[in-house]
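Colleague: Could you choose one part of this model and take me through it closely? I would also like to see how it sits among its surroundings.

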Amino acid sequence: MLLGGSAALAWPRQVPQRHVVEIKGMAYHPAVIRVGPGDTITWVNRDLVPHTATARKDPAWTTESLAQGQEGALVAPLAGELHYYCALHPVMRGRLIVAARPSSWRQQ
Amino acid sequence: MYLLDSRHTMLVLLAMGAASTLSAQTPDLSDAEVAHVAVTANSIDIDLGKLAESRARAAEVRQFAATMITDHGAVNRQAAALAARLGVTPADNAVSRSLLDGAATARTGIEELRGRAFDRAYITREVAYHQAVLDALDGLLIPTTTNEELRKLLTDVRPAIAAHLQHAKQLAGALGAGR
């Protein structure tokens with residue numbers, strides 16, 4: 001992703017990035033992902049059966065039920081670790097580690 | 001390891017006995033027969049899931065049943081589409097009949113129960129059933145399938161069956177089932 005210097009100046013906050021997590025073989029790939037606050041994470045379901053990505057401690061933070069080939073996106077919370085799972089298959093687990101990116105990233 | 005009551009143990013042995021007997025005597029189930037076994041196995045779990053979805057007491061058990069209906073339905077739609085594309089008509093066979101007989105016996109024992117006893121019996125059955133299906137996939141269905149697309153479908157389904165088994169085991173533990 002291109003982050004222009006002028007854009008970084010115009011928005012002191014970090015420009016949100018996009019991340020993709022694939023769901024395949026009843027697992028999230030990657031299962032653990034490092035993101036910045038406000039980043040968007042998109043889950044793409046490659047399995048035959050439907051899945052969700054749902055926060056353990058906040059059931060409202062959830063994708064819709066995603067059928068094969070469908071995708072759903074959520075925005076990362078401000079900071080900290082977020083454990084999520086599939087509400088349809090609770091044995092499937094994933095984790096977001098939300099942390100501000102180093103300031104050098106903003107100046108690129 | 002979960003202790004199963006005699007009825008469930010019998011079912012698993014029946015299903016696996018038929019499978020192993022068949023594989024010993026006739027190493028190759030035809031692809032049409034494999035397809036029939038797969039569709040039958042899914043349909044059995046959908047039917048029991050419908051009973052459990054309406055009757056289970058615990059919300060987690062009702063959710064599990066709903067997932068079984070959805071997932072096994074999705075697999076069967078794929079199987080039907082594949083069979084149609086390949087021009088294969090699923091063929092009845094001894095393994096399918098054994099699965100159906102076992103399902104009927106299991107259902108008779110479960111549907112007379114209510115409340116927590118129902119939940120335990122249903123989940124105990126689901127643990128045994130998914131283990132039996134997993135064993136049948138590995139020991140019979142995947143190895144004997146010659147069509148690559150059908151074998152890929154069975155292989156793609158395997159992780160879902162394994163996840164269902166793990167999910168059922170967790171619920172069994174929470175319910176104190178099989179103890």
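Modeller: Happy to; here is a close look at one sheet, followed by the rest of its chain and by its partner chain.

First, some ground rules. Residues count from 1 along each chain as its sequence is written, while chains are lettered from A and ligands numbered from 1 in the order in which they are written. This is a predicted model, so local features need pLDDT of at least 70 and side-chain atom pairs count only at pLDDT 80 or more, whereas totals for chains, interfaces and linings use all residues.

The part I have chosen is an open sheet of 4 strands in chain A, with the order 3-8-7-5 and mixed pairing. Strands here are DSSP runs of E with at least two residues, helices are runs of H or I with at least four, and both are numbered from the N terminus. Two strands pair if DSSP finds at least two bridges between them. Strand 3 (32–35) and strand 5 of chain A form the edges, each pairing on one side only.

Let us walk in from the strand 5 edge. Strand 5 (residues 54–55) of chain A runs antiparallel to strand 7 (residues 80–85) of chain A, and 2 bridges join them. Thr54(A) has Tyr85(A) of strand 7 as its bridge partner, and Ala55(A) stands opposite Tyr84(A). On to the next pair: strand 7 of chain A is joined by 6 bridges to strand 8 (residues 93–98) of chain A, again in an antiparallel arrangement. There, Gly80(A) is matched with Val98(A) in strand 8. As background, strands of a sheet pair through backbone hydrogen bonds, either parallel or antiparallel.

Now the chain around the sheet. Chain A holds 2 helices and 8 strands, and its elements run α-β-β-β-β-β-β-β-β-α from the N terminus on. Of its 108 residues, 24% count as buried, that is, with 20 or more other C-beta atoms within 10 Å of their own; 12 or fewer make a residue exposed, anything in between partly exposed, and C-beta atoms are placed from the backbone. Contacts are pairs of residues whose C-beta atoms, placed from the backbone, lie within 7 Å. Among those in chain A between residues at least 6 apart in sequence, 47% join residues at least 24 apart.

Chain B has 6 helices and 0 strands. Buried residues make up 44% of its 179 residues, and 83% of the contacts in chain B between residues at least 6 apart in sequence join residues at least 24 apart.

Finally, the two chains touch, with 10 residues of chain A and 14 residues of chain B taking part. On the chain B side, helix 3 (59–86) and helix 6 (148–175) each supply at least two residues, and helix 6 of chain B gives the largest share, 8 residues. By class, that side has 6 nonpolar, 6 polar and 2 charged residues, where Ala, Val, Leu, Ile, Met, Phe, Trp, Tyr, Cys and Pro count as nonpolar, Asp, Glu, Lys and Arg as charged, and the others, Gly among them, as polar.
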